[in-house]
Amino acid sequence: MKLTDKQSLGEAVRFGVVGVAATALHYGLYYLLLSFVNPTVAFTIGYAISFICNYVLSSRYTFRVSMSVQRFTSFALSHLVNYFVGLALLHLFLWIGLPPEIAPLPAFVIAVPINFLLVRFALKRVPHEADSYIIFLLLTGFAMLLLNLMDVPTLSDDMVYRFMWNADPQDEVKAIGGLGDLFHSQWTHYFTINGRFPVHLLAQAFLAFVPPIVLQIINTILFLVLIHLCVLFIGHKNRLFVAAMVTFMLFVVINGFRTTMVWSLGAFNYLWVLVGVMCLMLWLRRIKSSSLSLNHWLLSPLALFAGWSHEALSLPLSVAIVCFLFVNRKVMLRRALTPYLLWFLVGTALCFLSPGVIGRSTEGVTLMTRMMSAAMNCLFNIRVLWLLLIVLLVFWRRDKQFLRQHLQENAYSYVALSISFAITLLCGTSLERVAFFTDFIAMLLLLRLLCTKLSTLWQRRLIVVACVLMLVCYVPAYLVRQENRDMWQDMEQQMKEPGRELIAVQLPLKGQNAVMDYFRQHYVNPSAEFGFYCVYMGFDATDVNMRCAAKLYGKPSLTFLPADVVSRIEADSTAYSSYEPDENNTLFVWRMKDSRPVKSVRFILNEEDLSALHFYQRLMVYDGDSYDLDDFNFETVEVCGNPYLVFTRPTTNIARRIKDIEIGYE
């Protein structure tokens, strides 16, 4: 029934009365809680309590409708959106510099009109069968936002990407001051590091000029967009099932969630890239039967940026595209697809054939190293691909005709999957994210199989199982991200202290809780870490990452050490008279007799008794009676006026054999 202007005005007035009361309650609770918790928690608790009062008053008084489960659900979802908006505005005003006590007030003013439209729609709309899918996406968005809000910088790429990129890492670092600096930095980056020019241009722009809260919200939205794009790509009528499975795969099954979805720089390289490429793939599916026209010639250059994104994704797709063009070469000249595919191939060439990529690919990575990395990736990083192969094997034994049809319909996707798998094996590194695109492609193919063959009952069961497992994983994942945020805030407070250049890092103690250790490893990209496999070493003040951090906080230099090491040295001047490990057994510390520069650290090793080792340990045996650390893994640090040699503990297969350590001086 259409409302009259008088009815609408009455609703608006009553909404204002209820809104003022709910807002006052929210702000009062927020103000009281600020003395005990941080602004985010205070805002959330106040919002939750005022929400209950708001629902009762909005139903009974403002819009005068009966209360029901459906209306409560819609009302809750509308307020979930409003909560996102309010929380984002709160952090924006905090970032601008408003005091925590004042920051919510302008946020309330902006959020109120949005809230009125959302609440009115929620309480007066007719329930729809797609509500469960929308509810799932909104709840997923809420959970993802909380994880993203815990994201903090690392002492690695997050520091370097705020500054102009230098061809020589030893050159003086210079902060990005404008668009000219930004393009100059990425021009150097293209010729020295890799070819992802558009992606890293965006990354540097956001990290240098945009408040973190904005990027965290955008990443949350893009995560939901990616889920929806996967649902559209798979094309099954049960959208809730596909969405639940995609989210479950990304959050629980695929290795590398922390470095591809919730780490800001990783999100540019993986989340943003996937959204762009998936949008292109869906558009190409839509126009696959269309004839070539001027509009397509004008629009197709956008495909260049999808190809010029990430070589580990665009190269496998490009090989599949070349196969497709060759097979259909007789009809492709008249197809609308052709210019898009050609532009995508050009973008891939710009990305993959950049001087930076070629230079890094020809670096001295031995065949043995590549083989070891390939084995590690197959054992630990690739997961969904093995599930897909098992399912294909089952269908090969039970329904060969269906399997044959599936392979024919998805032939080019399997070509891309094969090339992606080959890249993962040959890349020469065992970082968890190197297998992400392989497992993502495998995930789309696996879900197509499951959607076709699983009954509705089994789909419902899997939805429940997936949601339960995600909730079980979510709680510790959130806790470890909060732990990492607290660690960063403590480090940042020390970095802001005048005259302080040695930062004591409060690292969580490993080995006390296996569950928390697992989630620290899989759901947090730590702000600071130490160890043999780390890509940055906080104890080396000359490292480019540490020099960028020092420049960012206005210090001549910065050095980071575990807090237990710093406190022990400060309490006992005779500590570490011989080499001893830190609490987490990742570093060795050794007090030097003088300040002579150390040029080498060599471990003298005992002989290995192979008969005493397990089978899997024999695969990793080091063949040698000594081992030299590379210079990245050791540094002399001055603490309390005394020089200390800090060096990483080597891998277990070497550490268990240490007999002595030889130090070489310049």
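Me: Which residue in E9 is the bridge partner of valine 601?
Reply: Strands of a sheet pair through backbone hydrogen bonds, in a parallel or an antiparallel sense. In this predicted model, valine 601 has isoleucine 663 of E9 as its bridge partner. That pair belongs to a longer register: E5, residues 598-605, and E9 run antiparallel and are joined by seven bridges.

Me: In what order do the strands of that sheet lie?
Reply: The order is E6-E5-E9, an open sheet of three strands with antiparallel pairing. Strands E6 (626-628) and E9 (658-665) are at the edges and have a single partner strand each, so one side of each lacks a neighbour in the sheet. On average, neighbouring strands here are turned by 20° against each other, direction ignored.

Me: How many bridges pair strand E7 with strand E8?
Reply: Six bridges pair E7 (residues 634-639) with E8 (residues 642-648), in the antiparallel sense. Within this pairing, glutamate 635 stands opposite valine 646 of E8. The two strands make a hairpin, with two residues between them.

Me: What is the phi of cysteine 640 in that turn?
Reply: Cysteine 640 has a positive phi of about 55°, although this residue is not a glycine. Cysteine 640 lies in the loop between E7 and E8. Asparagine 585 is another non-glycine residue to look at, with a positive phi of about 60°. Asparagine 585 sits in the loop between strand E3 (580-581) and strand E4 (587-591), and is partly exposed at a relative accessible area of 35%.

Me: How many disulfides does the structure hold?
Reply: A disulfide is a covalent bond that links the sulfur atoms of two cysteines. The structure holds zero disulfides. Take cysteine 378, which is in no disulfide: the nearest cysteine sulfur belongs to cysteine 427 and is 10 Å away. For cysteine 548, also in no disulfide, the nearest cysteine sulfur is that of cysteine 534, 18 Å away.

Me: Are cysteine 378 and cysteine 548 buried or exposed?
Reply: Buried means under 20% relative accessible area. Cysteine 548 has 1% relative accessibility, so this residue counts as buried. Cysteine 378 has 23%, so this residue counts as partly exposed.

Me: Where do I find phenylalanine 530?
Reply: Look in the loop between helix H24 (514-523) and helix H25 (544-552). Phenylalanine 530 is buried, at a relative accessible area of 6%.

Me: Which residues is phenylalanine 530 in contact with, leaving aside its neighbours within four places in sequence?
Reply: The contacts are Val505, Leu507, Gly538, Phe539, Phe560, Leu561, Pro562, Thr586 and Leu587. Sequence separation and distance in space can be read side by side for one of them: phenylalanine 530 and leucine 587 are 57 residues apart in sequence, with their C-alpha atoms 6.9 Å apart.

Me: At what angle do the axes of helix H10 and helix H23 cross?
Reply: The axes of H10 (residues 239-253) and H23 (residues 456-496) cross at roughly 35° and come within 9 Å. The crossing of H10 past H23 is left-handed.

Me: Which residues make the contact between H10 and H23?
Reply: From H10 come Leu240, Phe241, Ala244, Met245, Thr247, Phe248, Phe251 and Val252. From H23 come Gln459, Leu462, Ile463, Ala466, Leu469, Met470, Cys473, Tyr474 and Ala477. Sorted by class, this contact has 15 nonpolar residues, two polar and no charged.

How values were computed:
Residues are numbered from 1 along each chain as its sequence is written. This is a predicted model: local features need pLDDT of at least 70, side-chain atom pairs count only at pLDDT 80 or more; totals for chains, interfaces and linings use all residues. Side-chain values use heavy atoms; hydrogens and water are left out. Two strands pair if DSSP finds at least two bridges between them. Helices (H or I, at least four residues) and strands (E, at least two) are DSSP runs, numbered from the N terminus. Axes are lines fitted to C-alpha atoms, for helices over the stretch in contact, and angles run from 0 to 180 degrees between N-to-C directions. A disulfide is a pair of cysteine sulfur atoms within 2.5 Å. Buried means under 20% relative accessible area, exposed over 50%, partly exposed in between (1.4 Å probe, protein chains only). A crossing is left-handed if the near helix is turned anticlockwise from the far one by less than a right angle, and right-handed if clockwise. Contact means heavy atoms within 4.5 Å. Ala, Val, Leu, Ile, Met, Phe, Trp, Tyr, Cys and Pro count as nonpolar, Asp, Glu, Lys and Arg as charged, and the others, Gly among them, as polar.
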